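Please report on the structure shown here. Cover the fold, the strand pairing, the nonpolar core and the main pocket.

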Amino acid sequence: DSFWRVELLGSSLMQRTVCAVFTSEFTTYSFNVSVGNHRWTIQKRYSDFRDLDTQLARKYPKRMQGTLRLPPKKMFGKNSSSLVQVRQSALDSYLKSLLDAKGLIQSHELQEFLETPVEAELDLDHHGERSDVEGTHSLASSLASNEASLAETSICNQPVTKMKSWAEEAEVKWGEMTSGELMSHHADPWVHLAGSELISPR
């Protein structure tokens with residue numbers, strides 16, 4: 001999608017201590033991501049790209065046909081400077097091909113990978129720049145659903161509110177009765193409130 005941009009920043013060799021004894025090394029790749037006025041940085045490992053590719057290929061096989069192939073996995077020398085240079089360039093091209101593929105940018109999987117901020121999602125929904133692909137719902141859609149649910153709850157509460165309003169009006173007309181007594185009379189199936197008149201069967 002031409003509205004989105006990714007820019008490769010470079011790579012970093014990281015270390016992780018396992019069980020306070022062993023130290024393992026891995027490489028992360030940094031990218032600047034931008035959409036509209038929003039810009040942020042993400043840092044990913046090769047395994048993150050591999051997981052994303054597997055998810056997209058399984059869920060959107062037709063959309064993935066026009067994208068570039070992910071560079072192959074290496075068992076040895078994966079952190080060597082020569083391999084990292086080749087791999088980061090390939091990952092940059094791969095990610096850009098995902099953005100260019102029709103509809104993939106709206107997928108939950110790619111949005112999660114890009115770590116799209118909530119503010120950016122709301123802006124895209126507001127300006128109509130996003131349309132959901134199968135199985136994907138935008139944050140704004142979820143908010144709208146919650147608002148509809150709250151509205152439905154309010155509607156369900158209206159009868160109770162109206163009953164209290166009728167009781168207050170009747171209390172003004174029948175001053176000698178307290179609101180509690182009036183509500184008690186209203187609960188009697190032989191006593192009805194019609195408009196502002198209290199009617200009892202003869």
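The report below goes from the overall fold to single residues.

This is a predicted model, in which local features need pLDDT of at least 70, side-chain atom pairs count only at pLDDT 80 or more, and totals for chains, interfaces and linings use all residues. Residues are numbered from 1 along each chain as its sequence is written, and side-chain values use heavy atoms, with hydrogens and water left out.

**Fold**

The chain holds 7 helices and 5 strands. Helices (H or I, at least four residues) and strands (E, at least two) are DSSP runs, numbered from the N terminus. In order from the N terminus, the elements read β-β-β-α-α-α-α-α-α-α-β-β. Of the 202 residues in the chain, 30% are buried. Buried means under 20% relative accessible area, exposed over 50%, and partly exposed in between, with a 1.4 Å probe and protein chains only. Contact means heavy atoms within 4.5 Å. Among contacts in the chain with a separation of 6 or more, 50% join residues 24 or more positions apart.

**Strand pairing**

Two strands pair if DSSP finds at least two bridges between them. The table lists two such pairs.

| Pair | Sense | Bridges | Residues between the strands | Positive phi in the hairpin |
|---|---|---|---|---|
| E1 and E2 | antiparallel | 14 bridges | 3 residues | cysteine 19, near 55° |
| E2 and E3 | antiparallel | 8 bridges | 2 residues | glycine 36, near 60° |

Strand E1 covers residues 4-18. Tryptophan 4 has valine 35 in E2 as its bridge partner. Glutamine 15 faces glutamate 25 in E2. Phenylalanine 31 is bridged to isoleucine 42 in E3. In a regular strand, side chains alternate between the two faces of the sheet.

Two residues of these strands can be set side by side. Glycine 10 sits in E1. Its relative accessible area is 16%, so glycine 10 is buried. Leaving aside neighbours within four places in sequence, glycine 10 contacts Thr28, Tyr29, Ser30 and Gln88. The C-alpha atoms of glycine 10 and glutamine 43 are 9.7 Å apart, with 33 residues of separation along the chain.

Arginine 39 belongs to E3. Its relative accessibility is 64%, so arginine 39 counts as exposed. Outside its neighbours within four places in sequence, arginine 39 contacts Val33 and Ser34. The C-alpha atoms of arginine 39 and threonine 116 are 9.4 Å apart, and these residues are 77 residues apart along the chain.

**Nonpolar core**

A nonpolar core is a set of buried Ala, Val, Leu, Ile, Met, Phe, Trp, Tyr and Cys residues joined through side-chain atoms within 4.5 Å. The largest one has 29 residues, and Trp4, Leu95, Leu98, Leu110 and Leu114 touch the most other members. At least two residues of this core come from each of E1, E2, strand E3 (38-45), H1, helix H3 (81-100), helix H4 (108-114) and helix H5 (118-126). H3 gives the largest share, 6 residues. In soluble globular proteins, nonpolar side chains tend to be buried together.

Leucine 98 contacts Leu52, Leu56, Met64, Thr67, Leu104 and Leu110, with neighbours within four places in sequence set aside.

**A loop residue**

Glutamate 115 lies in the loop between H4 and H5. Its phi is near 55°, a positive value in a residue other than glycine. Most residues other than glycine have a negative phi. Glutamate 115 has 39% relative accessibility and so counts as partly exposed.

**Largest pocket**

On a 1 Å grid over the protein atoms alone, a pocket is an open set of points where a 1.4 Å probe fits, with protein on both sides within 12 Å along at least five of seven lines; lining residues have an atom within 4 Å of a point. A volume is the space filled by probe spheres set on the points.

The largest pocket holds about 240 Å³. Its lining has 14 residues, and Arg45, Tyr46, Ser47, Lys78 and Arg87 are the closest to its centre. Strand E2 (22-35) and helix H1 (46-59) each supply at least two lining residues. The largest share, 4 residues, comes from E2. By class, the lining has 4 nonpolar, 3 polar and 7 charged residues. Here Ala, Val, Leu, Ile, Met, Phe, Trp, Tyr, Cys and Pro count as nonpolar, Asp, Glu, Lys and Arg as charged, and the others, Gly among them, as polar.
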